[in-house]
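Here are my notes on the model, point by point. Please read them with the structure open.

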Amino acid sequence: MACCRSFICIRGFLLVRPRWENCLSFSSKETIAAVQGTLHPQKNRQRKRHKKPNWTGDLSWEERLASVVTPLWRLSYDEQLEVKQKHQVRILERLCGGGKITFPVLPILPSPVRDGYRNKSTFSVNKGVDGNPKTVGFYVGKGKDGNIVCVNGDHLPNIPEKHKQVARCYQEFIHRSSLEPCLLFHEGGHWREVTVRTNTAGHTMAVVYFHPQQLTWEELAVHKSDLTEFFTRGAGSACELDSLYFQESAMTRCSHENSPYQLLYGQTHIHEQMLGFSFRISPDAFFQVNQAAAQVLYSAVRDLCVPNSEDRTGTLLDVCCGTGAMGITASPRVQRLVGVELIEQAVEDARYNAALNKLDKCEFIAGKAEAVLPGLVSRLASGDGRLTALVNPSRAGLHHKVIQALRNRPAIHRVVYVSCKPDGEALRNFRELCCAPDPKRNLTGDAFSPSLAVPVDMFPHTEHCELVILFER
């Protein structure tokens, strides 16, 4: 691609950058202040260096848990962002062969909400500090070492009070229950973890997981009735649940198809708003756990996928689309949105979400991306020929055949890659997108080049961060 002078626009600051036509509009005041310096964080003005706190010595169980679940909790938020920015830079340096980064890296976009931001929390059941096996909380220790202790999470900064309240009530319920908790499947027991989901409107969904063991249908019905009674008329009614689900399974993780979620009380779904769009959330649907920061992330992705909001041409190919939220928020800027997703229930939710928002130019396909994509890209390329790919895979990254499909179709000129673990398998994907043509690996198309990286803090107090990279050719 020829080098040209163009502009990045970030809330009033117009920055000249080569090879760039994108106008990104982010609302964070912290980001604006950072951009007044430079796009290269390693050259920003020197900040006071903070030594890593010495946490040795005797720690309370609460401190140990906080250090596991929210390891950056002792740092100020500015210090947390600095730690994450440096980590993202190190990852991008590896992409550039260990040398200088050859493309702009924006300062990390902060989360608008820092405390109590999680809209989904799963609380485990196991032996507590006092040895009580009916303790609801989070784990300290490892199962393979035989030293797991379940610690109450009321002090954790990222969990909202409503989630903590439901966990406390669930603990009270299983204390009253005649059934034992299921700590190890082969040792028996029944009550397992509880998942709590909330939205910005204040609605709450709880999902209780249960191992049936050898209980009869009639015995199961009694305990489900007790659970419903507790959360609708008993002490748990203080949680004011909008939905109460129950899933019985003899497996650690089980899909709705294998063991349906049973609605014991209330509404079948809760809904959430994102950039002016509505989305339905089912018990096992994926949805970003930080709604406020997700709007920052989705805004960035939308601007990278389709820089010109007035264009409204071309096709956006959303790979690993989940329930369709990321693609749907960008869909008004394109002529067509096509999503691919492995989980059938998520595809059903994506289709519902498109209909809910009165979008008639969206298509969602169920299947493995590596199986669907080669033929799909050929079909789409025969249309108007302008394809942008948006990929948001799990931590396992993209299958090599997906990378082949992206590399070997000239119609795809832009790939926006969103990664929650960019130092894992995603780094392999980055290198495969950018390496020289390699017929032995069936990477025959022209290589992509990274043009811009945008870190987004979705998980305050933790070490995790989303990284969005734009690849062009």
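1. Contacts in the protein chain reach far along the sequence. Among those with a separation of 6 or more, 64% join residues 24 or more positions apart. Contact here means heavy atoms within 4.5 Å. This is a predicted model, where local features need pLDDT of at least 70 and side-chain atom pairs count only at pLDDT 80 or more, while totals for chains, interfaces and linings use all residues. Residues are numbered from 1 along each chain as its sequence is written, and side-chain values use heavy atoms, with hydrogens and water left out.

2. Of the 473 residues of the protein chain, 52% count as buried. Buried means under 20% relative accessible area, exposed over 50%, and partly exposed in between (1.4 Å probe, protein chains only). The chain exposes about 21300 Å², with carbon and sulfur atoms supplying 51% of it. These areas come from the Shrake-Rupley method with a 1.4 Å probe; for residues, only the protein chains shown count as cover.

3. The protein chain has eleven helices and 18 strands. Both are DSSP runs numbered from the N terminus: helices are H or I with at least four residues, strands E with at least two.

4. One open sheet has seven strands in the order β14-β13-β12-β15-β16-β18-β17, with mixed pairing. Two strands pair if DSSP finds at least two bridges between them. β14 (362-366) and β17 (449-456) are the edges; each has a single partner strand, so one side of each lacks a neighbour in the sheet. From one strand to the next, the twist averages 15°. Angles run from 0 to 180 degrees between N-to-C directions, with axes fitted to C-alpha atoms, for helices over the stretch in contact.

5. Strand β13 (residues 336-341) pairs with β14 in the parallel sense over five bridges. In this pair, E341 stands opposite A366 of β14. Helix α3 (residues 77-95) packs on the sheet and touches β17 and β18 (466-472); its direction makes about 160° with that of β17. Helix α8 (residues 344-356) lies across β13 and β14, at about 170° to β14.

6. A further open sheet of seven strands runs β5-β4-β3-β6-β7-β8-β9, again with mixed pairing. Its edge strands, β5 (149-151) and β9 (262-266), each pair on one side only. Direction ignored, neighbouring strands of this sheet are turned by 35° against each other on average.

7. Strand β7 (residues 204-210) and β8 are parallel partners over six bridges. V208 stands opposite F246 in β8. Five of the six residues in β8 (residues 243-248) are buried.

8. The largest nonpolar core has 49 residues; L297, V301, F364 and V454 touch the most other members. Helix α6 (residues 291-305) gives the most to this core, with nine residues. Such a core is a set of buried Ala, Val, Leu, Ile, Met, Phe, Trp, Tyr and Cys residues joined through side-chain atoms within 4.5 Å. Beyond four places in sequence, V301 is in contact with M326, L390, V416, V418 and V468. Another core, of 41 residues, lies apart; I365, L406, L467 and F471 are among them.

9. How many disulfides does the structure hold? Zero. A disulfide is a pair of cysteine sulfur atoms within 2.5 Å. The sulfur of C239 is 3.5 Å from its closest cysteine sulfur, in C169, too far for a bond. C239 is buried, at 0% relative accessibility. For C320, the closest cysteine sulfur is in C321, at 8.2 Å, also too far for a bond. C320 is partly exposed, at 25% relative accessibility.
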